Amino acid sequence: METIQQKTNSFISKRVDSIDFFRGLTMFLLAGESTLLFGHLLDSDNALIHFIGIQLSHHQWHGLHFWDLIQPYFMFIVGLSIPFAVANRLKKGESQSLIRKHAIRRSFLLIFLGWALYCIHSGKIVWQFQNVLAQIGITYLIAFFIRDKSFRFQVIFTLGILLLIDLAYRFFPVPGFNHPWANYENLGTWTNIKIEGVEKVSEWATINFISTSAHTIWGVLCGRILMGDKPANTKIRLMITGAALALILGYALDLSGITPIIKKIATSSFVLVSGGWTILTLVLFYWLIDVRKLFATEYNAIKVVGMNPIFIYIFFEVGGSRFLSKLFIPFTTALFSWSGEYVVLLVTSSLVWAALWYICYFLYKNKVFIKI
């Protein structure tokens, strides 16, 4: 019988344009958020613009905004890329041992970079691991090591970790931190205090990587589906079925009051619902781009942003957007001050966003791809 690894070797490892587009859109939106433009939209008196601003910001606690899907998108896309990356390395003649060592190095480097960003922001050594790089560093490694397991195993594994973390929050025995769904009174906060060694900690839980590993693993599963030789309609049907089941279960847990949708502590209902919407987003892009052949040009304006995702993320996180804003603000003030400070801020943020895009375009056009 043909093994999973043999099947992987037989796959055609050509690029799937919708994955590049999905990655590019996610990074483009993250770059936009770094310019503070989305925050400015919240200050608008226009009801529609204000609503858009709300959707482009995180929900305060119990609930879901569009922006709460961005990190799941990122983590899912990392998983999507794993089957393709491994197949390409095998095709180049690399051994399983070498690929495994690369994955481990990459994982620890992502964790280090995520931690280092917190130290840079704070101006001192701090122990925080809540940002997307640190979280992906762990979920990537988990997904990598079970990438060749059966679909059934990976689905059961993800449902198992969601059940375990749900039970851990419910039955955590430490007084003051035994209110599972109350902000700053739960297992996530207690864990943050122990890791960070301070009293005042982030409401975002470091242990979110446990439950959100499901996003990266589901990305692997969808990547394997896309690499397979089944007809496109069959691939779409399989992914829609999985997404629908995740959405039904997640919303049922929330609406029944069993487990609320809370991104900041990555509850099981949040992971299921956000995972379902993420898979449906992939399906939409796959149908439009790879099936209908729309938006798949060589220099796609969105795709180029995702070709150096780690670089551009680190660039704007270490102050690249603030630096660009300082460059533009004297000129936007001179040209648009007659329209008021709010317009100046909007124009400045928009120009910074455009500049971030151009950096990505420049690197792509010159075939510069910074990888770790």
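A crossing of two helices is right-handed if the near helix is turned clockwise from the far one by less than a right angle. In this predicted model, the crossing of α10 and α12 is right-handed. The axes of α10 and helix α12 (residues 268-291) are 10 Å apart, at an angle of about 25°. Angles under 35 degrees count as roughly parallel, and α10 and α12 are therefore roughly parallel to each other. On the α10 side, the contact is made by S211, T212, A214, H215, W218, C222 and L226. The α12 side contributes F270, V271, L272, S274, G275, I279, L282 and Y286. By class, the residues of this contact are ten nonpolar and five polar, with no charged residue.

Helix α10 (residues 208-227) also packs on helix α7 (residues 132-145). Here the angle is about 55° and the axes lie 8 Å apart. That angle makes α7 oblique to α10. The crossing of α7 and α10 is right-handed. From α7, the contact takes in Q135, I138, T139, Y140, I142 and A143. From α10, it takes in N208, F209, T212, S213, T216, I217 and V220. The contact of α7 with α10 comprises seven nonpolar residues, six polar and no charged. T212 of α10 thus appears in the contact with α7 and in the contact with α12.

A further helix pair is formed by α2 (residues 17-34) and α13 (residues 309-317). Their axes come within 10 Å and cross at roughly 5°. Helices α2 and α13 are therefore roughly parallel to each other. In α2, the residues at the contact are R23, M27, L30, A31 and S34. They meet P309, I312, Y313 and F316 in α13. The contact of α2 with α13 has seven nonpolar residues, one polar and one charged.

Cavities were also examined. The count comes to three cavities of 30 Å³ or more. The largest has a volume of about 70 Å³. Its lining consists of Q71, Q130, Q135, W204, A205, N208, T212, K263, A266 and F270. These lining residues divide into four nonpolar, five polar and one charged. Several of them recur in the helix contacts. Q135 of α7, together with N208 and T212 of α10, belongs to the α7 contact with α10 and to the cavity lining. F270 of α12 lies in the contact with α10 and also lines the largest cavity.

F129 sits in the loop between α6 (96-122) and α7. Neighbours within four places in sequence were left aside for its contacts. F129 then touches I111, W115, Y118, A134, Q135, I195 and T206. Q135, one of these partners, is also among the α7 residues that meet α10. F129 and S350 are 221 residues apart in sequence. Their C-alpha atoms are 30 Å apart in space.

Methods. Residues numbered from 1 in each chain as written. Predicted model: local features only at pLDDT ≥ 70, side-chain atom pairs only at ≥ 80, totals over all residues. Heavy atoms only, no water. Axes fitted to C-alpha atoms, helices over the stretch in contact; angles between N-to-C directions. Helix = DSSP H or I, 4+ residues; strand = E, 2+ residues; numbered from the N terminus. Parallel < 35°, antiparallel > 145°, perpendicular 65-115°, else oblique. Contact = heavy atoms within 4.5 Å. Nonpolar A, V, L, I, M, F, W, Y, C, P; charged D, E, K, R; others polar. 1 Å grid on protein atoms, 1.4 Å probe; cavity = no way out; pocket = protein on both sides within 12 Å on 5 of 7 lines; lining within 4 Å. Points joined across faces, edges and corners; volume = space filled by probe spheres on them.
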